[in-house]
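Me: I am new to this structure and would be grateful for a careful look at one part of it. Please begin with a single residue and work outward to its surroundings.

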Amino acid sequence: MSDLPLQGVAVVALEQAVAAPVATCRLADAGARIIKLERENGDFARTYDTAANGQSAYFAWANRGKESLTVDIKNPDDVELIKRILSQSDAFIQNLSVGAAARVGLGSDELRKEFPHLITCDISGYSETGAYRDMKAYDLLIQAESGLVSISGAPGEYGRIGVSLVDISTGLTAALAINEAIVARARTGEGRAIKLSLFDVIADWMTVPLLQHEEKGVGPDRVGLAHPSITPYGGFVSKDGVTIVISVQNDREWRAFTEQVLERPELTDDPLYATNPVRMERRPEVDGLVQDFFGQRSKEELVELLKNARIAFGVVNEMPAFASHPELRRTRFESETGPIDMPAHPDSERIVEDGKVRIPRLGEHSAAIRKEFEAEAQSFDTSVPTSILDA
């Protein structure tokens, strides 16, 4: 697409792992130029696995459409190179350990003094000032510390959320914040600081269970595929062993469910079952009668009944079924090891032609970027932004 919304925006990313790369991936998807700064050995996410045509699935997914520049941030010459690039860029994002960027002259406070137009985004594990500032913080650790693990899954042994939810949510929050700052700068001409932590982001997502705990003195139970506050809303197993998740969220849907699916119209207005609060009081009984009904019918029979009654449902798919799901759209991305087919951009109106976007090899753009920003070839006015958004 030639009219992507962030075309002309340049972002420098001193990033690794997942959170910051997800943020800049979304900006790249929107047309921004992303110059990814990598150490000589590369972003360590490059070696997480080999699932993407011999490359890391994590890296391939979160780094498409970027340029890779290898640098040594302990080398003053490379730091000067980075600053020359930043003088002509719109934003700088980094997720190194707290204080690491500042120690080499790339701290966000210092950079914004030098380049008033620059938007800076620092991502930490907890915060830059609290008691946990120096603790290492990875996705699963924050899932644990935030209480997310304690409310997720089924009773019994704890389990992690199956994707890097903390990293991904932080990356999306960062991308949104950078976009907001770009819009604000179009009015003021000034950059701004963005400071996010993995813990703060997921703490915000934990608002509902936190408030429920503070009201009742105990957090939501781990109820597996059931909903902590609504029933029937959860997974029930068909006669042929397929788990179907249903959702009955209001009295109208309860009527349709009892009359058209269960064929038990006497339950519709029964004061023991008519509203969700009273159903929640006898949840085992309600879920039991639903399971009894489901257990006597095949998946196909149940799907037909649920569709006809317009009851929300979804079948629990394993990966093979997801991989062949009729709603799964894919885009083919090029890489040094060959093409990689990944889920398409969530915005179905944003069509990316197969093979048009590349996953960079380590240092693929180093020579070209170093030549573009050669010291003797540059004469910068660092007091004004250069983005097309500020023209």
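Where is the place of L96?

Reply: The model is a predicted one, in which local features require pLDDT of at least 70 and side-chain atom pairs pLDDT 80 or more, while totals for chains, interfaces and linings use all residues. Numbering starts from 1 along each chain as its sequence is written, and side-chain values rest on heavy atoms, with hydrogens and water left out.

L96 is situated in the loop between β4 and α4 (100–103); helices (H or I, at least four residues) and strands (E, at least two) are DSSP runs numbered from the N terminus. With a relative accessible area of 14%, L96 is buried, a word that stands for under 20%, with exposed over 50% and partly exposed in between (1.4 Å probe, protein chains only). Apart from residues up to four places away in sequence, L96 touches L14, Q16, I73, A101 and I123, where contact means heavy atoms within 4.5 Å. Y126 is 30 residues from L96 in sequence, and their C-alpha atoms are 12 Å apart.

The loop between β4 and α4 also holds V98. At 17% relative accessibility, V98 counts as buried. The residues that V98 touches, again without those up to four places away, are R103, S124, S127, E128 and R133. Between the C-alpha atoms of V98 and L210 there are 28 Å, and 112 residues separate the two along the chain.

The next step outward leads to the pocket. The largest pocket has a volume of about 980 Å³. Here a pocket is an open set of points on a 1 Å grid over the protein atoms alone, where a 1.4 Å probe fits, with protein on both sides within 12 Å along at least five of seven lines; lining residues have an atom within 4 Å of a point. Points are joined across faces, edges and corners, and the volume is the space filled by probe spheres set on them. The lining of the largest pocket has 41 residues, and L96 is one of the five closest to its centre, together with Q16, F44, N95 and S97. Q16 is also one of the residues that L96 touches. The elements that give two or more residues to this lining are β2 (33–38) and β5 (119–124).

I123, another of the residues that L96 touches, leads on to the largest nonpolar core. A nonpolar core is a set of buried Ala, Val, Leu, Ile, Met, Phe, Trp, Tyr and Cys residues joined through side-chain atoms within 4.5 Å. This core has 33 residues, and I123 is among those that touch the most other members, along with L27, I93, C121, I178 and I194. At least two core residues come from each of β1 (10–14), α1 (19–29), β4 (91–94), β5, α7, β6 (193–197) and α8 (198–205). The largest share, seven residues, is supplied by α7. A second core, separate from this one, has 22 residues, including V71, L81, A100 and L111. In soluble globular proteins, nonpolar side chains tend to be buried together.

Within the largest core, I194 deserves attention as well. Leaving out residues up to four places away in sequence, I194 touches I119, T120, C121, D122, A177, I178 and A181. At the end of α7, the residue that follows is G189, with a positive phi near 80°.

The loop before α7, from α6 (139–145), is the place of L148. L148 counts as buried, at 9% relative accessibility. Its contacts beyond four places in sequence are Q143, I161, L165, I202 and M206. From L148 to R332 the distance is 34 Å, C-alpha to C-alpha, and these positions lie 184 residues apart in sequence terms.

N53 offers a different setting: the loop between β2 and α2 (57–62). N53 is partly exposed, with a relative accessible area of 37%. Its phi is positive, about 55°, although N53 is not a glycine. Most residues other than glycine have a negative phi, and most peptide bonds are trans. A cis peptide bond, with omega about 0°, joins T231 and P232. P232 is placed in the loop between α9 (207–216) and β7 (233–237).

Finally, the whole protein gives the context. There are 15 helices and eleven strands, and 44% of the 391 residues count as buried. Of the contacts with a separation of 6 or more, 68% are between residues 24 or more positions apart. The C-alpha atoms fill a box of roughly 85 × 45 × 40 Å along the principal axes.
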